[in-house]
Amino acid sequence: MVAIELRDVRKAYGQAEVIKGIDLSIAHGEFCVFVGPSGCGKSTLLRMISGLEDISGGEIAIGGEVVNRIPAADRGLAMVFQSYALYPHMTVRQNLSFGLENINTPKPEIARKVDEVARMLQIEQLLDRRPKDLSGGQRQRVAIGRAVVREPRVFLFDEPLSNLDAELRVDMRGEIAALHRRLENTMIYVTHDQVEAMTMADKIAVLRLGKLEQFGRPLDLYNTPANLFVAGFIGSPKMNFIAGQVDTNDRTLMRLDTGETLRLPVTGFAQRAGEKVTLGIRPNHLCASDDGPVTVHVRSVEQLGGESYVYGQTATGSAITVHSPGQTRIGLGDTIRVGAPEEEIHLFDSDTGLTLREA
Amino acid sequence: MTHLKLLGTTALALGLAAPAMAQEIRFMCYSDGNECEVYDDVLTRFEAANPGVDVIVDVVPYQAILENLPIQLAAGSGPDIAKVTDLGGLSQYYLDLAPYIDRAYWEASFGDTLGWYRGAAGGDAINGMHSQLTITGAFVNATLFEQAGVEMPGADATWDDWAEAARSVAAATETPFPMAIDRTGHRFAGPAISYGAAIVAEDGTPTLSDEGFAAFTAQFVEWNNDGTMARDVWAGQGGATYQDAAQEFINGELVFYYSGSWQVGRMDSTVGDLFDWQVVGSPCGPAGVCSGMPGGAGIVGFSATQHPEVVAAVIDFLAQEDIYAEVTARTRNLPAHLGVAQAGVEFEGASPAAAAALSAFAADLADVAPSAFRYQGYANNRAMFGITAERVSQAIVGELSVEDAVARMAADLEAALADAQ
Amino acid sequence: MGRTWEFLTATRGGARLHWTDWASYGYLFLGVFLMFFPVVWLVLSSFKTEADLQRYPPTFLPYQQQTITLDGHADPLPLFRITGGEHEGMILAQLRRVGLQAQMIDPANPEERLQVSIRDYERLERFSLATENYSDLFGRFNFLLYFWNSTFITVMATLIMLLTNSMAAFALSKYRFRGRTVVLLLVIGTLMIPQTVVLVPLFLIVSELGMFNSLWGVIIPGAATPTGVFLLRQYMLTIPDEILDAARMDKASEWKIYWRIILPLSAPAIAVLAILAIMWRWNDFLWPLIVLTQSENFTLQLALNSFQGELQTQWSSLLAMTVLTLLPIAMVFMFLQKYIATGIASTGGK
Amino acid sequence: MRWPGWPPTSRRRWPTRSKGVAETKGQGATAPAPPPEMTALRGAGDGFALRLISPVMRLVEIPMIALQRLLGINRLAWVFLAPNLLLFGLFAFLPVILNVAYATTGGANVMLADRPQIGMGNFERLLDCANHLDPNTCREDKFWRAVWNTLWFVTLQVGIMVGFSLLTAIVLNGKIRARGFFRSVFFFPVLLSPVVVALIWKWMLQRNGVLNAFLDWAGIGGYNWLVDAQWAFAWSVFLSVWAHMGFYTLILLAGLQAIPRDVYEAATMDRASPWRAFRRITLPLLAPTMLVVLVLALIKGVQTFDEVYAFTGGGPGTATTFIIQYIYEEGFAGSPRLFGLSAAASLLVAFVLVVLTLVQLWVNRKSVDG
């Protein structure tokens, strides 16, 4: 069983703390995605798990063993790098066998394993080429192959798809997912792209500024984001936010900054009277209706045929996106009113950013 | 770790280069012609007579003798024997041969030259064998004189006479250079003494700034500037760098060339039938002195050697009259060995011109002033040579006036003497 | 100067040569001439006889006086073409020259002596290489031994230098450790002290270490060069750290990373350094002169200079000697030249 | 004609991924990765070289792994540094320390133990001048002549050399056929030993040399170059530029090739004139490389010795005597050997070099950061 356990893991470069105490446990066989904006520390965290980066505080356990002092090579992990980091002076075959040679695997066995992995990843015909003679996708496969061939306990991926074009990315996404199903290993995957996270992950860890914002299943994160940040980060297009204040007398009445008012559901939220709150509604839950509570000035409209996006602003300038299936008659410069079903509303504390959910 | 390994393997590879001899004597030698070859050859006879002794002649560039040998000696890592030119300057490292040799024979054979090796310390040690005596003097292109129809100045002609004659010959024959003197303080000293310079007084006090020295300096600078002297030689170099004008003379571009007896062999072999040349010795100065500079190289043993008796035996072997005569003949040098000199040397394969030249030089030895001998034996003469070459050159190219140059020479000498203490 | 600025944009795709192209090629060919002609001239001159060397104006190719051997004359006699006077047009052999007159004989009629003014004749010559300049050199010493010594010193010093310098460069470019900046500054600091000014202390140290009169006394002191460390470090900085990380994940030890990843990837820079090191060691004169005094240890440079006496220099042997020492360097250069540009990394910003 | 080994447009750069930059790169964008093109020893060469060294390397690996376990990865750096530092310590730092000791002693003895302490006497002697601008008023006039000569020489040599190196690098960076060939041509003189360089040019420039023959033929008339102080100096500068510019050309060329071509394309689209593109794009982007070149050229320029010494011997007079020659002659070649004075002079030179380098780094601080 190769579960990974992070306990109050910290990392500091001199005075600057970049990982500020992260607790996380990844179960055996799970595909876990670290996602977050740039600078959130997700790659650093991955490198700390890999052993390439020292741990300043806390501990990391892999398969129940604390590995803080174990060098990268001995942790039984494999890693796929953003730039692939193939050895440019070696052929594909040499790239794949380098790691096996390092653990003194007998030659016939190396050959057998390399061939097997090459077949699996469909790179057999590339074995005698050098990395510079490969396309981006091929390099990616070789990089993955290099990780696979050593049969590691855990796979680490550091933004492996960010150098590929859009189409290839979708393909590779599928292949990596398929690989996971096939090998059933624990995998940790770092990306800044929440689409990748949503499509591939069993569990997503959302990181920001060295802190874990939320850890959970993709749909849980989508449906019940823990805070404003996660709500805004997960889901595309972004969730709409409108700031306001709960009426001092009526806990279910929200006064938007635009001057408009909105009726909140009676149950489900833990808001207090007079509290500053932020309203969150996903674009696909917003719909234009004459009795909608919020006025939006339309700035641009995207008609994709099967669906359409309307981009606009509230009176106070908050950006609003409305996503609707089918085509829309709303035009540029229109002023529309929008609303959403009560059950699709998210409410956050404006000061702390935390979701106001009834306990 | 790799280093050690590498060291190990190469030590094996090199092992065969140095067979351990019972008595290996290292002889650091430099050649101006074929000296080292000849020594190597005659020493095989010594080796044959002394089994177990191996004298290895290491032929090195002259620069190694001049610049590196003194430092090696100071660090205690010098050779056993060397051929040196800084005779007095290295005297503190010499092995006193006296206990191993026949003092009477040596004193009878080498006379005054033994004093050159005693340096500042003096005493009566026998430190070295003067293997090659040289004397400065002038080579003249007789053919050019003939063509120009100019009478060659006579035996007691002055430097002025020769300058006058050389100028008119050069003008008549369109030869680029009337005169040249090798660029070294040693060659400069001969004429300077003739002009009245004391250089090293009888009490051993050196000076580079007396009237005579200043007079010749002024004259020499003037000659360089009016085209009498080949300007290339002194002005073309810096520091104390040695520069000769033999090439120009050989090419027939130079009428009067003041160099020394060691050039005879080269002139003989390279001038060929291009023109007739002859040696006219050293011209006289206004004071009536007609001195050249003696000089040369000697063979010395070093006191740091493991085998002093063998070193002494080797040098004594070379000092024997027959061997000395043979070497002198084969290398076409003037003998410093009085016995050999008296007997006369039959120079091997020398043309009549060369033989005549060598006799002319030998004859000129009589004219050498006592101060010239003192200068040659003076321990710090090398410093003085350097100072002369450097400062006179500066005066020629105009960096210093003649007066300043002379003043600088005095100051430099004073500083050098202070530092050499 | 303006011509080259055009090249900065270099977006012109036309096949026709623009005038700036002409200017560039003009500049480059001028460069070829300036860089090569002196060397070519040196090589050609080294095949001239001492007499030919002294000729003015010089000829481009080496020529030698034509001679003829006649009965009654032991030495071959030089041949001349008579260009004026009563014997105009004849080819005569010179017996002897006396001043402006030459005594000559007609090879067809060797009995009669003719007087010719030297203004009226010119030498008969033909193209000929004075290979004796070289063979004389070889004849004078044990060429193979000195060549071996030089080669041994050069190869060993180069290998040690490449090894130690690349190890140091690896440490300085790929590790973060305390004191890295200090070490880097020290390395650059050693640039400030050329070997020439520390000859005496260096000699004393080498003597103390017992390396005097040993080839190692030449090899070891030259092995650590700031230039080498600097050059390799700049190059290694451009190798992405991710490749090292990948190797670490592949269970490679740091030493393995060094020799299986870093060394092969730095090959171009190492080639450049190898060229420079080989050149430095092979050409070295002053230091071997001090350390090596026994002839069995001499390098080629020392041996070739060993007949530089106090008083005489001969151009013909000097030139031949120079060409001889130049040759191995030129060969190495030809083999490794393709690396010289790729091997110097941009030093920008790191 | 294409030279084997380097395609004219090859750009030996890896996708630069330094830490921190990576994550900002292309938020969700799909930047195509620049191909990691590397010119490693190829094919047979690679295998051969590797096979040659691998037994040794494998052997060394055993203790190295033990050390790695013992010290950890980052402290292992010291192990990698150790051989080099040992060599540096023994043969670079120790001599300098000894030089400091020598500088405070007088006399002509070689061994330090035999030398009398004279404190700062040597420095005082060197610096003793009535007017530092006029060497004739100085006690050690040769030192000051050498100082002023060196100053002039370095100014001219570095200026001219870097100028021509830049010009050559720019020309070579253009669309040039046989670029490899030309590159090698300019690098070739770098390989010649200083003595050979001096000999070649002495041979070319001597009174009866080929240059004078050419000038005579052209009707201009020859000249005895090396007897004239100004000309000898000028030719020394020329010779030194000739011998060393290839090295700096290559460094600058590497710097130029690191500037992405699309920057120029953008400048062309912005209608920047070539001159402006040079001033506003090339020079600023080349500044860090330029700094290295200037620092190196300056240090090496001040240390010029062998080639000029063999070329003119420092003459005529002292016209081409530079500071290292002064040190060499005072301490080694001259008589008496003033090790103390020469050591003091060498320390002064090293001090000035360090200061100059720091000043250069400081002045260029901005352009490097920018």
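How many of the 350 residues of chain C count as buried, as a percentage? The figure is 51%. This is a predicted model, so every value here is computed from predicted coordinates.

Chain C is a good place to start. Its secondary structure consists of 15 helices and eight strands. To count as buried, a residue needs 20 or more other C-beta atoms within 10 Å of its own. Sequence separation adds to the picture. Take the contacts in chain C between residues at least 6 apart in sequence: 67% of them join residues at least 24 apart.

Next, the assembly. Five pairs of chains are in contact. Which two chains share the most contacts? They are chains C and D. Chains A and B, by contrast, do not touch. Their nearest C-alpha atoms lie 22 Å apart.

Now look inside chain A. An open sheet of six strands runs in the order β6-β7-β8-β3-β9-β10. Its pairing is mixed. In general, the strands of a sheet pair through backbone hydrogen bonds, in either a parallel or an antiparallel sense. Why is one side of β6 and of β10 in chain A left without a neighbour in the sheet? Strands β6 (77-80) and β10 (211-216) stand at the edges, and each has a single partner strand, so one side of each stays free of a sheet neighbour. Ignoring direction, neighbouring strands of this sheet are turned by 15° against each other on average.

Zoom in on one pair of these strands. In chain A, β7 (residues 154-158) and β8 (residues 186-191) pair in the parallel sense, over five bridges. One position can be picked out by eye: A:F157 has A:Y189 in β8(A) as its bridge partner. A helix belongs in this view too. Helix α4 (residues 136-149) of chain A lies across β6 and β7 of chain A. The helix runs at about 175° to β6(A).

Finally, chain B. Its division gives domain 1 (22-133 + 295-350) and domain 2 (134-294 + 366-420). Taken over C-alpha atoms, the centres of these two domains of chain B are 29 Å apart. The contact between them takes 18 residues from domain 1 and 17 residues from domain 2. Which elements give two or more residues to the domain 1 side? They are α5 (113-116), β4 (128-141) and β8 (294-301) of chain B. The residues on that side of domain 1 of chain B divide into five nonpolar, nine polar and four charged.

Definitions and conventions
Residues numbered from 1 in each chain as written. Chains lettered and ligands numbered in written order. Predicted model: local features only at pLDDT ≥ 70, side-chain atom pairs only at ≥ 80, totals over all residues. Contact = placed C-beta atoms within 7 Å. Domains from an automatic or database assignment. Helix = DSSP H or I, 4+ residues; strand = E, 2+ residues; numbered from the N terminus. Nonpolar A, V, L, I, M, F, W, Y, C, P; charged D, E, K, R; others polar. Buried ≥ 20, exposed ≤ 12 C-beta atoms within 10 Å, placed from the backbone. Pairing = 2+ DSSP bridges. Axes fitted to C-alpha atoms, helices over the stretch in contact; angles between N-to-C directions.
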